[in-house]
Amino acid sequence: MAFERSERSSGREPGVIVPAYYWAGNGSMVIHRLKGFGRPVDGEAYLRAYEPERLRWLRDRAGVTCVFLSYNWGLPPELEAEDWRAFERAARTCHDLGMQAAAYIQPSNAAASGSFALKAWYAVTPKGKRIPYYNGRFFTCLNDPEWREWVFERCMDACRRGADVLFFDNCAFGGMPIPLSRDYTAFAGCACGRCRERFAAWQERQGLAPLELPRLFRPARDEAARRFARWRAETLTRFLRGIVEEVRLAYPGTKFVTNTVGGVNVNTFNVFGADLPAIASFMDWLFVENLQSPRCDGSRLVQNAGTYGLLRALRPGAPALSIAYERGIGVDGPPAAAVFARVAAEGFAAGGTPVLRAAEYIRDGKWSLLQPGTDDRRLEAFGRVVAAYAALLRGGERREAARVGVYVPDAVGWGGDLYPGSGDDYLAVIQALVGAGIPFRVIGERNEPCDLGCLLVPASADPPAWFGGRVMRFGELGLRMPRARPFRWFGGPLEPVVRVLGPRVVDGYYSRVHVRRFVDRLDLLFRLVFGGRFERVPMREDAARLLAAMNPVQVELSGPGYVHLWESERGLEVHLVNYGDAPLRAEVRGGRGSRPRVEGDGREAPGGRVEVGVFAVAVLERAAERERLAAAAR
């Protein structure tokens, strides 16, 4: 399981990294007012958040071992200097409480106010216009030497002030194009004179006759855009790698983690200019914001098991972090305690590291945080899951036991089409497996050989050379895909209109309050970017039976849930997570001749079944373990 031993432990449940988003302080108040177009902020909550008793509350109620603290939002120093001092005080408190401190670093955008208003480091479109990133903030040019030096100095200063972890948020290069018309619209990257020169020089080094920088970013149909996408991604990788290597020389114990929003549900290569396989090679932890908490209602099945699986396959052995929202930042109020428990249980069951979201909520019309007294039950629900899984770790090392694998090579998972064809649609395959209650694991190009009975392989790829078992192509599963949403494609006669209006819609979303609130209210961004990615996807019954039989245990669920298998010294662990609100019953059938022992918040039900509230672990013990327990009982 992809937990990492924490260097500093709270003393409560040692050995598990439990991070919490906890943005607060003066800079966060400024940023959230900007982001919310003037929406008020609960000032008392923001300014008291880093007091010792509130940080202790995170530790004691939720088992938090690493707090993600505000440090650098991209504000000018006359506004942000107090945040640097507040971070130093909070980091010292975290260390006193046995927790690590992660510093927020903004590498790709800045607020154009005060001494930053006239800076030359902002990215521009081919028309010379700055590219908005939310209200009052603009993307920066990663080739600008002053900007590069500013980010590097913030990293060094955060380490001097006590940062154990540097968290690079919003890792992108220039504007994020919105997928429209079977391609993208708007400009991406930066079109300043320096970038034009470097793009031309890069093409020449590749032995290519230089093409002009594209006006619109449409890599599916434009060779210049395809080249630009490669150059844009390489620029971001070099930028981050250079900072990491320099900081590590001075502070070798520092951990590094980047965030790319929705990284496994959209094409990070084209949308953000992020080559995640390359970036993951020099990061300590992997992280994405998945933008949806796990749930099932009607035809929608929202799961993040695939998120964790894909991240873990990207760099096996590295902690894979993810944070879940309901609809998005600036929209959600604090969800029910059961949601916090479900988010934690799904993440740990999938071998990942779920991040507690303790900030950026809207309550009573104001930006707010989780607070003592008001939100104790929410933190306690998360903390109970943390305690249960920390106890499981004491049982020794474990390995994945599912014998069904989904093969996702880099070209399909991280640099392929935004909406892959049915033959390569790994997200639909994962949706179908989760929906059918079939345990699986995600296999990437970096996985070592492992024990699999069947490997599901996309149409455009060959299985890895080490695999000698049964191969099934995605197309053989008989997936019944949901109907295409009207927002998914804007093609045919609407395309000329989209080419004109698309960039204006993108610009308006980030810079105009009425456009932003209209889009958020109708969930248009979710529909445009994610389309039908979270609809239920049934598979052919004979294919489901065949795959289920490959696993060492068969599980039949009475409702929507997630099943994952782990092998430990105790035996086979069947991890069960309930995606619905009603109790879930699971029938666990294995060939080990023993009734499963139930842990977590589950209990044994009539007929040898397991009843699951939010999560449960059914342990099929090894013979030696059964004998030991029997002897102890005597």
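This report covers strand 3 and its pairing partners, then Ala381, in a predicted model.

## Strand 3

Strand 3 spans residues 100–105 and is mostly covered, with six of its six residues buried.

In a regular strand the side chains alternate between the two faces of the sheet. In strand 3, Gln100, Ala102 and Tyr104 point one way. Ala101, Ala103 and Ile105 point the other way. The residues of both sets are buried.

## Pairing with strands 2 and 6

Strand 3 pairs with strand 2, which consists of residues 66–69, in the parallel sense over four bridges. Within this pairing, Val67 has Ala101 of strand 3 as its bridge partner. Helix 4, residues 77–96, joins with strand 2 and strand 3 in a right-handed β-α-β unit.

Strand 3 also pairs with strand 6, residues 165–168, again in the parallel sense and over four bridges. Here the bridge partner of Tyr104 is Phe167 in strand 6. Ala101 and Tyr104, the strand 3 residues named in these bridges, point opposite ways from the strand, and both are buried.

## Ala381 in helix 12

Ala381 lies in helix 12, which runs over residues 376–393. Is Ala381 buried or exposed? Its relative accessible area is 3%, so Ala381 counts as buried, the cut-off being under 20%.

Which residues does Ala381 touch, leaving aside those up to four places away in sequence? The contacts are with Ala337 and Ala341. Ala336 is 45 residues from Ala381 in sequence, and the C-alpha to C-alpha distance between Ala336 and Ala381 is 9.5 Å.

Note on methods. Residues numbered from 1 in each chain as written. Predicted model: local features only at pLDDT ≥ 70, side-chain atom pairs only at ≥ 80, totals over all residues. Heavy atoms only, no water. Buried < 20%, exposed > 50% of the residue type's maximum accessible area, 1.4 Å probe, protein only. Helix = DSSP H or I, 4+ residues; strand = E, 2+ residues; numbered from the N terminus. Pairing = 2+ DSSP bridges. Right-handed = clockwise from strand over helix to strand, strands pointing away. Contact = heavy atoms within 4.5 Å.
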